[in-house]
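Hi everyone, thanks for coming along. I'd like to walk you through one structure today, so have a look at it before I start talking.

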Amino acid sequence: MTLDLVIQQLVNGLIVGSFYALIALGYSMVFGVIKLLNFAHGDIYMSGAFVGLIVFSFVGVWVGNGWLGVVCALLVSMLAVGLLGVVIERFAYRPMRNAPRLSILITALGASMVLNGSALALTGGRHFAFNTDLGFAGLDVSAVHITYTQIVLVAASILLMAGMQAFVSRTMYGKAMRAVSIDMGASRLMGIDVDRVIALTFFMGSALAAGGGVMAGAYYGSVHFFMGFIMGLKAFTAAVIGGIGSVPGAMLGGLLLGLLEAYGSSLPFVGSEWRDVFVFGALILFLVFKPTGLLGRSVVERV
Amino acid sequence: MSDGASTLSAAPQPPLVRRSFLLWALAALACALALPHFANAYVTEVATTALLYVVLCLGLNIVVGYAGLLDLGYAAFFAVGAYTTGILTSEFGFNFWLTIPVAMAAACLAGIIIGAPTLRLRSDYLAIVTLGFGEIVRIIARNLDITGGASGLVGIERPEILGFKLMQVQHFYYAFLALALLAVFVCLSVERSRMGRAWFYVRYDEDAAAGIGINRVSAKLQAYMMGAVIASVAGCLYAAKMTAISPESFTFNQSLLILLGVVLGGMGRIPGVVLGAILVALLPEVLRGAGTYRPLVTAVALLAIMLFRPNGLWPDKRG
Amino acid sequence: MALLEVRDLRLSFGGLKVLQDISFSVEKGAINSLIGPNGAGKTSLFNCLTGFYKPKGGSIRLGGRPITGLPPHRITALGLARTFQNIRLFKEMSVLENAMSGQHCRSRHGIVSAILHLPSQRREEDRIRAAGMRWLDFVGIAEHAHRLAGGLSYGDQRRLELARALASTPEIILLDEPAAGLNEREKLDLVHLIRRIRDETGVTVLLIEHDMGLVMQVSEKIVVFDYGQKIADGTPEAVRADPKVIEAYLGTED
Ligand SMILES: Nc1ncnc2c1ncn2[C@@H]1O[C@H](COP(=O)(O)OP(=O)(O)OP(=O)(O)O)[C@@H](O)[C@H]1O
Ligand SMILES: [Mg+2]
């Protein structure tokens, strides 16, 4: 690999990685609080991208297709899809909270399929262009051109995640979230409104995924009903690598996975069609050798 | 206490099929046997698909319904069987019947590779890993030369029995009926055996099962592998029937349909699963005009069942 | 040689030292008890003995054989059975199927012989059923064999847990608060049953219990825990008179 390629893949890896990290963070937060893998998370990301695109096309009429439009799309989509997450929790997951694990998992799967199926039915399975004119101005490092857009995207994801970390570690609600994740029953006895904390967690996790969806849509310029499937799988991998349930772990896992994928698929003997196989191999290796991930702590289940 | 024991130990083993149910089962079998004589080719074709789903759903039911493991990549094992038959007959000139044991061995091996590392972890992890595995198998099938890439394999040899070549829809209908009956018999036998009970113990309370002396990882692995083997055999016969297979028959959606069949009728119960499988096979026929709405209907069905009838349409009277 | 020998057992969760250098032993054929205030670490000790928790240090021997760190199913197969503090039955299965589960580690036929309906497999099934029935009869709930376990009364569920553990033909059985939630009449029956377990089947019993009357009545030796430490170990009379025990239960004035 030449130095240029190394730098180029570093940039690519960081961008993809910050998307992964945003989605992984939501996975991890929801998992932390209700110990449920929210299968619908990838589809929430996809919904975020679509809502963002709709908003973008509307406001574009007034503010143009530049940064302002993207920011509007981002904020509205995060809010709307955050609420969607709350609705899903209320109607699909809450009734199942005391059901056997297997039933909860299948319900979560059902919720995911309903989102995905609705998107397919509404869009007819077409790709939609997300045409921005953010431009290609940027910096040149050696022979690699890094656009300002790329820098802003990575910075924005890091900002969102840092905000989330601050929220979880500094605020009262964050404290309640951590309490519920350690012991739901005891938290209820201590007067914490557990249902509200869970709803809030879904809101925030979904909003982050939606943010990731809008940014990814704007960056790649296209949105598709199936975009959440592989993303869900990869974000889960990122969350496992970082240590599921851990906020910094999700960020680290996302960035690492992005880099791994970027460098892995540029190796001469693995073409890009094998990229997903590569990621999946990493997942299995982690599950076998370090199931608690890099930053997760091991928990002994009470018997 | 030995006094009481001698009279009590006479408690007999229950029969494979309850007597009250036997009559219904025989009537259903008679209808199934007679069907091709009354039905046209289209109906026979749909019925054959239904029987294929009966086999697949019974196989997945061992994993999901008995052992309580969520497998989201079950179609991968179906693919392992279909591609084994496809490759061995068309590339290496194997006899169809010889490909079945090879496919079973391949499915076992794949089951161990995926199951051994993940079955000791939380059940949610298994769900995602199997989902990933399903995708990987499809990606591999799409990108290798020996599997024919995206267009798949064509010209797969049709099987012969005692000099009689299976050709027509009816022939395959009976072949699948035989396989489905075999699957029902196998499931009935295993369900009420030591290993079958162990799966239920693990499904209902893993810790209690371990505490009572059951090796939970081994029990789960055996369920997972047995499910894999059943799917692979179904795959072999499917390849022979279609004579052409492509990666698109083994997608995530296929896995979801099989899972829907298991959940719809009632997880863990053979009559429920058979009913669910038949419904799932009829679904595309009923929804012929629905086009892109089809996955949504499947999804809503799954979610509605879980929320409103978690024990399925035909639940166990006991439960 | 003692049947169960625990030496310097240590366990902690994060900074919390749940067990600190615990040593004691249980003689073959004894009925012993483990007592201590809530959170003293009694259940955690059982979980170490049965392989659910991995101790940080120390050793456990069963009949002279080290079992430290083995997985639960191996330990059960070696002859150590248990019940759970919060009843853990297979509620959706029949009472008989619950009792039969104990025989799993005493039988061997697998999937293939079940499919082939081998005669030896049929015989083994008969044996497993008979054993299940025998233990249901032993604890006195044989007439409920074909009901769902979840439908039994609370007291009968506790009995079924006992039957299930006994069906694994253990050398020693660990009972975690078997009298919790029972009324006085049922507690009397339980005392009787615990004695029958030892006298009629020769199984050694170690129980955790909060009901002092019951403990003093059945046990030959009592081990007392407080905050993860063993504070006393001896006959009921000796333990009752021990100032450290009185302090742990009643607290001190200052
Ligand atoms: N898996 C676990 N993870 C973290 N802490 C645990 C775990 N299991 C037990 N503990 C802690 O260990 C301590 C001892 O608990 P244990 O259940 O052994 O007490 P106990 O003596 O059985 O109490 P009780 O009489 O209330 O049943 C408690 O502080 C408990 O919170
Ligand atoms: Mg306890």
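**A hairpin, a sheet and two chains**

Okay, so let's begin in chain C, where strand E1 (residues 4-13) and strand E2 (residues 16-26) pair in the antiparallel sense over seven bridges. Quick vocabulary: helices (H or I, at least four residues) and strands (E, at least two) are DSSP runs, numbered from the N terminus, and two strands pair if DSSP finds at least two bridges between them.

Before I go on, this is a predicted model: local features need pLDDT of at least 70, side-chain atom pairs count only at pLDDT 80 or more, and totals for chains, interfaces and linings use all residues. Residues are numbered from 1 along each chain as its sequence is written, chains are lettered from A and ligands numbered from 1 in the order in which they are written, and side-chain values use heavy atoms, leaving out hydrogens and water.

Back to the hairpin. Which residue stands opposite Ser12(C) in E2(C)? That's Lys17(C). There are two residues between the strands of this hairpin, and Gly14(C) takes a positive phi near 60° there.

Now, E1(C) has another partner: strand E4 (residues 57-62) of chain C, antiparallel as well, over five bridges. Try finding Arg10(C), which stands opposite Gly57(C) in E4(C). Then look for Leu4(C), which has Leu62(C) of E4(C) opposite.

Put together, you get an open sheet of four strands in chain C, in the order E2-E1-E4-E5, with antiparallel pairing. E2 and strand E5 (65-66) of chain C are the edge strands, each pairing on one side only. As a general reminder, strands of a sheet pair through backbone hydrogen bonds, either parallel or antiparallel.

Let's zoom out to the whole of chain C. How many helices and strands does chain C have? Ten helices and ten strands. A compact globule with 254 residues would have a radius of gyration near 18 Å, and chain C has 19 Å, which agrees. That radius is taken over C-alpha atoms, and the globule rule is 2.2 Å times the number of residues to the power 0.38. Along the principal axes, the C-alpha atoms of chain C fill a box of roughly 70 × 40 × 35 Å. Buried residues make up 57% of its 254 residues; buried means under 20% relative accessible area, exposed over 50%, partly exposed in between (1.4 Å probe, protein chains only).

One residue to click on is Glu92(C), in the loop between strand E6 (80-82) and helix H3 (95-101) of chain C. Glu92(C) is partly exposed, because its relative accessible area is 39%. Remember Lys17(C)? The C-alpha atoms of Glu92(C) and Lys17(C) are separated by 37 Å, and the two residues are 75 apart along the chain.

Last stop, chain B. Here we find 13 helices and two strands. The radius of gyration of chain B is 20 Å, close to the 20 Å that the globule rule gives for 319 residues, so chain B is as compact as a globular protein of that length. Its C-alpha atoms fill a box of roughly 70 × 45 × 45 Å, again along the principal axes. Of the 319 residues in chain B, 58% are buried.

That's my tour, thanks for listening!
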